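This report covers two ligand sites, the domains around them and one sheet. The sequence and the model come first.

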Amino acid sequence: MIFMMGTLNEQAFQENPVSVQQIVELKNWTPSLLSFRCTRAPDFRFSAGQYARIGLPTKTGMVWRAYSMVSAPLEDDLEFFGVLIPGGFFSEKLKHLRIGDPIWMERENYGFMTPDRFIDGEDLWMLATGTGLGPFISILRDDAVWQQFKRLILVHGVRHDEELAYQSELIGMQAAVLTNSTLAQLHLVHCVTRGEQEAENSTVTQLLMAPRLTNRITTALMSGQLEQAAQTLLEVKTSRVMMCGNPQMVEETRKLLHQRGMKPCRRLNAGEFLSENYW
Ligand SMILES: Cc1cc2nc3c(=O)[nH]c(=O)nc-3n(C[C@H](O)[C@H](O)[C@H](O)COP(=O)(O)OP(=O)(O)OC[C@H]3O[C@@H](n4cnc5c(N)ncnc54)[C@H](O)[C@@H]3O)c2cc1C
Ligand SMILES: NC(=O)c1ccc[n+]([C@@H]2O[C@H](COP(=O)([O-])OP(=O)(O)OC[C@H]3O[C@@H](n4cnc5c(N)ncnc54)[C@H](OP(=O)(O)O)[C@@H]3O)[C@@H](O)[C@H]2O)c1
């Protein structure tokens, strides 16, 4: 796996590549979706959009998994947003976590899905399925992106309305910049693919200031519905795109972006899109 080393004292890192942190907050969004916060090693640095490797002990040893940071790079604690997969090795440990429990973290930061990889562009599209929302919350909690782009379009694809996590925070962000012409405007779009009927009476939906589509992100992109909902054209000249979550969504979206003349960002070639697969 490719990784970037944080700004660490090389010797300290070699001697002790893992730190033990403590859970300080837990929040359940649904029975299978949760956010948790833990203390942070003083030498752990990251950019918004990156991920860490976190570990939990099992009877047969540590189980390690990649987890994107939800917190902004300057927050004192670290926040993560996770799903509990029935029978999943890590999930089975995660679901028993309580405040005060220890959690292990590698001191390295990982990943290249960071907005500073784009050297130009006016509009940043962030397309997430499920917990793929996490790195985009971190990016939006960081001041830099609000100055880098004119429009920020966050599209969250979930199965059911109650999985639309972080909505009140996002709506707060949207409102805060509404009258500030020096900062980017935030557009939110939801793609809720299952349980259309239940949504009509859902309190969550009533509170939202975001268009709610009932198609997958890819279907809405193909039909033009997504651009219409975001009131923004997705085109090579002005748009930069990040995709995160379900690998099939990422792969299908990449194909659609290629058809629009877009290319991935590479180390030596500025491109128009970046992505992170969660499995
Ligand atoms: C770069 C990267 C960043 C990641 N960041 C996060 C994160 O911030 N939050 C998070 O919950 N997970 C994240 N994951 C996935 C995470 O590493 C684990 O796979 C997940 O916690 C499940 O672990 P498990 O051992 O319970 O099941 P696993 O054996 O790891 O996975 C079993 C199956 O569950 C499904 N699955 C795994 N992860 C997810 C997911 N996030 N959403 C929906 N289905 C999934 C897949 O079908 C997978 O084959 C990330 C993965 C990568 C590669
Ligand atoms: N979400 C839950 O209610 C729930 C509860 C318990 C456990 N889990 C477990 O979590 C895992 C996945 O759950 P998840 O809902 O977070 O992730 P997911 O299956 O990736 O679904 C999230 C969203 O992505 C959409 N999607 C799936 N494939 C796509 C593609 N190729 N292109 C575009 N969009 C696509 C889904 O649409 P579709 O609906 O059309 O697939 C859904 O709207 C499963 O292993 C499941 O067992 C989920």
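In this predicted model, ligand 1 is surrounded by 20 residues, and the closest are Arg65, Ala66, Gly88, Phe90 and Ser91. Strand E4 (61-68), strand E5 and helix H2 (89-94) are the elements that give two or more residues to this shell. The shell around ligand 1 has 11 nonpolar, 7 polar and 2 charged residues. Domain 1 (10-106) and domain 2 (115-277) each contribute at least three residues to the shell around ligand 1.

Ligand 2 also has 20 residues around it, with Thr129, Gly130, Thr193, Asn246 and Gln248 as the closest. Strand E8 (151-158), helix H8 (217-223) and helix H10 (247-259) each provide at least two residues of the shell around ligand 2. Helix H10 gives the most, with 3 residues. Both domain 1 (10-106) and domain 2 (115-277) give residues to the shell around ligand 2, so ligand 2 lies between the two domains.

The table sets out the classes of residue in the two shells.

| Shell | Nonpolar | Polar | Charged |
|---|---|---|---|
| Ligand 1 | 11 residues | 7 residues | 2 residues |
| Ligand 2 | 6 residues | 9 residues | 5 residues |

The two domains themselves come next. The domain assignment of the protein gives domain 1 as residues 10-106 and domain 2 as residues 115-277. Their C-alpha centres are 25 Å apart. Across the boundary, 15 residues of domain 1 are in contact with 14 residues of domain 2. On the side of domain 1 that touches domain 2, strand E1 (18-30) and strand E5 (78-83) each supply at least two residues. The largest share of that side, 4 residues, comes from E5. By class, this side of domain 1 holds 10 nonpolar and 5 polar residues, and no charged residues. Strand E5 thus appears in two settings: E5 gives two or more residues to the shell around ligand 1, and E5 supplies the largest share of the side of domain 1 that touches domain 2.

Which strands make up the open sheet of 6 strands, and in what order? The order is E10-E9-E8-E7-E11-E12, with parallel pairing. Strand E10 (212-213) and strand E12 (273-277) are the edge strands, each pairing on one side only. Strand E9 (residues 185-192) pairs with E10 in the parallel sense over 2 bridges. Cys191 has Leu213 of E10 as its bridge partner.

Two helices are described against this sheet. Helix H3 (residues 134-141) lies across strand E7 (123-129), E8, strand E11 (239-245) and E12, and H3 runs at about 145° to E7. Helix H10 packs on the sheet and touches E7, E8, E11 and E12, with its direction at about 165° to that of E12. H10 and E8 have a part in the ligand 2 site as well, each supplying at least two residues of its shell.

Last, the confidence of the prediction. The mean pLDDT of the protein is 92, and 90% of its residues reach 70 or more. Residues 1-8 have pLDDT below 50, and this stretch makes 15 contacts in the model beyond near neighbours in sequence. Residues 203-208 are also below 50, with 8 contacts beyond near neighbours in sequence.

How values were computed. Residues numbered from 1 in each chain as written. Chains lettered and ligands numbered in written order. Predicted model: local features only at pLDDT ≥ 70, side-chain atom pairs only at ≥ 80, totals over all residues. Near = placed C-beta within 6 Å. Nonpolar A, V, L, I, M, F, W, Y, C, P; charged D, E, K, R; others polar. Domains from an automatic or database assignment. Contact = placed C-beta atoms within 7 Å. pLDDT = per-residue confidence, 0-100. Pairing = 2+ DSSP bridges. Axes fitted to C-alpha atoms, helices over the stretch in contact; angles between N-to-C directions.
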